[in-house]
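Me: I would like to go through this structure by asking, for each label attached to it, what value stands behind the label and how the conclusion follows.

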Amino acid sequence: MHALVERLYPLCRSITGNGVRRTLEIIAESVPLEVHEVPTGTQVLDWTVPKEWNIRDAYVKDPSGRKVVDFAESALHVVGYSVPVSATMSLDELRPHLHTLPDQPSLVPYRTSYYAEAWGFCLSQETLDTMGPGPYEVVIDSTLTDGHLTYAEHVVPGESGDEVLLSCHICHPSLANDNLAGVAVAVELARRLAERSARRRLKHTYRFVFAPGTIGAITWLARNRDRVDRIAAGIVLACAGDRGPLTYKRSRRGDAWIDRVVEHVLRASGRPHTVVDFSPYGYDERQYCSPGFNLGVGSLTRTPYGAYPEYHTSADNPDFVTPEAMTDTLETLWEAVEVLERDRRYLNLSPYGEPQLGRRGLYGSLGGRSDTKRDQMAMLWVLNLSDGDHSLLDIAERSELPFSVVADAALALQRAGLLKEWTG
Ligand code: ZN
């Protein structure tokens, strides 16, 4: 995962353009992608697909011919969606187009101007402080023309038409946690799902959406409006690799299946974590949870949006994200997948009095193990609540037992003929 972050890091991504295409090509080396190209001017919900932006080079050259600011060093140096410029100007003239972080003087900020035609450079305050009056040669070799918005999907099919959505934004240039770590974790999750599905068919279909933030999610929703009711659960994955603890942001519904699944996984894992309620800000949960759609889609991050000093600066580089943190995020998602896959309702076929477990080899069948008592408690809970109204997740929540223990107990009881799956 970390190697993928490092490989994708230098590319100049934006909401459209060849940086996004190249990013998707690299992802497609790991998992097959269906790439969609949506023409400029296409109406998508209340928005319009913008012109496509591409950039070859950009710099600010001082009177000695030295490049003081050089796009070739970092994609962050140019304001995203800058219109082309070729001019000579004094520092005073150039100054309104220069963006720095005076409070973090060694860092380069990340800035964009998608929906207002503008141009600019981002640099450290320390660099700006060394700049004399000029004149400077200012070049941005970019194009802003009719083209396409590019996004991609990867689908791991399952038995049912129910879908689990995993959505990542791919529009940020050289920023690692926001959101290359999320992309890398999603790719690894997709590979794991493919491996698992090769052994045993998955219950749900898993749909990964790699799309530029906001406009990409809006485009996806516009083009899938008549099929979003298939989405049984979803997660917007971002900031998946910093050293902070996990944060789960609930869907707008607050008690959607995914909310209960992730909260259970986090609680049962003993990991330090935070759960926060939905708010109409952040990543693309804003779109999936807009009131017309109101999907059961939450957001998983480590340190959330804007809450770390490296956020949207050159300090969000590959050193800021760790393999350990990305692995922890991946394992959390994997545990959530296990719950999504195994959660179902059963019917107790012997509901009058407790069935005699000992006679069936279930009571103390795991004798000698310290978790025997826990397994027996799980069987009693499953038998008692399997009336068609309670799912295994309901039972895990109520019994405060880990989901996997409850699900294993249900499997043992089903094999003993005491349960059958509830089909409604
Ligand atoms: Zn961001």
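Me: Which protein donors does the zinc ion have, and how far from it do they lie?

Reply: In this predicted model, the protein donors of the zinc ion are His172 through NE2, Asp178 through OD and His312 through NE2, and they lie 2.0 to 2.1 Å from the ion. An N, O or S atom counts as a donor when it is within 2.8 Å of such a metal, and so the distances of 2.0 to 2.1 Å satisfy the criterion. Along the sequence the donor residues follow the spacing H-x5-D-x133-H.

Me: What makes aspartate 178 and histidine 312 a pair that ties together separate parts of the chain?

Reply: Aspartate 178 belongs to helix α5 (residues 176–199), whereas histidine 312 sits in the loop between β16 (297–301) and α9 (323–342), and because these parts are 134 residues apart in sequence, the pair ties them together. Aspartate 178 and histidine 312 are both buried, a label that requires a relative accessible area under 20%.

Me: Why is proline 135 called partly exposed?

Reply: The relative accessible area of proline 135 is 48%, and since partly exposed covers the range between under 20%, which is buried, and over 50%, which is exposed, the value of 48% leads to the label partly exposed. Proline 135 is placed in the loop between α4 (125–129) and β9 (136–145).

Me: Which residues does proline 135 touch, leaving aside those up to four places away in sequence?

Reply: With those neighbours excluded, proline 135 touches Lys61, Asp62, Pro63, Thr88, Met89 and Ser90. Leucine 94, for its part, is 41 residues from proline 135 in sequence, and their C-alpha atoms are 9.3 Å apart in space.

Me: Why are helices α7 and α11 called oblique to each other?

Reply: The axes of α7 (residues 257–269) and α11 (residues 392–399) come within 11 Å and cross at roughly 40 degrees. Roughly parallel would need an angle under 35 degrees, and roughly perpendicular one of 65 to 115, so a crossing at roughly 40 degrees is counted as oblique. The crossing in which α7 passes α11 is left-handed.

Me: Which residues make the contact between α7 and α11?

Reply: From α7 come Trp257, Arg260, Val261, His264 and Arg267, and from α11 come Leu393, Asp394, Ala396 and Glu397. By class, the residues of this contact comprise four nonpolar, one polar and four charged.

Terms used: Residues numbered from 1 in each chain as written. Predicted model: local features only at pLDDT ≥ 70, side-chain atom pairs only at ≥ 80, totals over all residues. Heavy atoms only, no water. Helix = DSSP H or I, 4+ residues; strand = E, 2+ residues; numbered from the N terminus. Buried < 20%, exposed > 50% of the residue type's maximum accessible area, 1.4 Å probe, protein only. Contact = heavy atoms within 4.5 Å. Axes fitted to C-alpha atoms, helices over the stretch in contact; angles between N-to-C directions. Left-handed = near helix turned anticlockwise from the far one by under 90°. Nonpolar A, V, L, I, M, F, W, Y, C, P; charged D, E, K, R; others polar. Donors = N, O, S within 2.8 Å, 3.2 Å for Na, K, Ca; no water.
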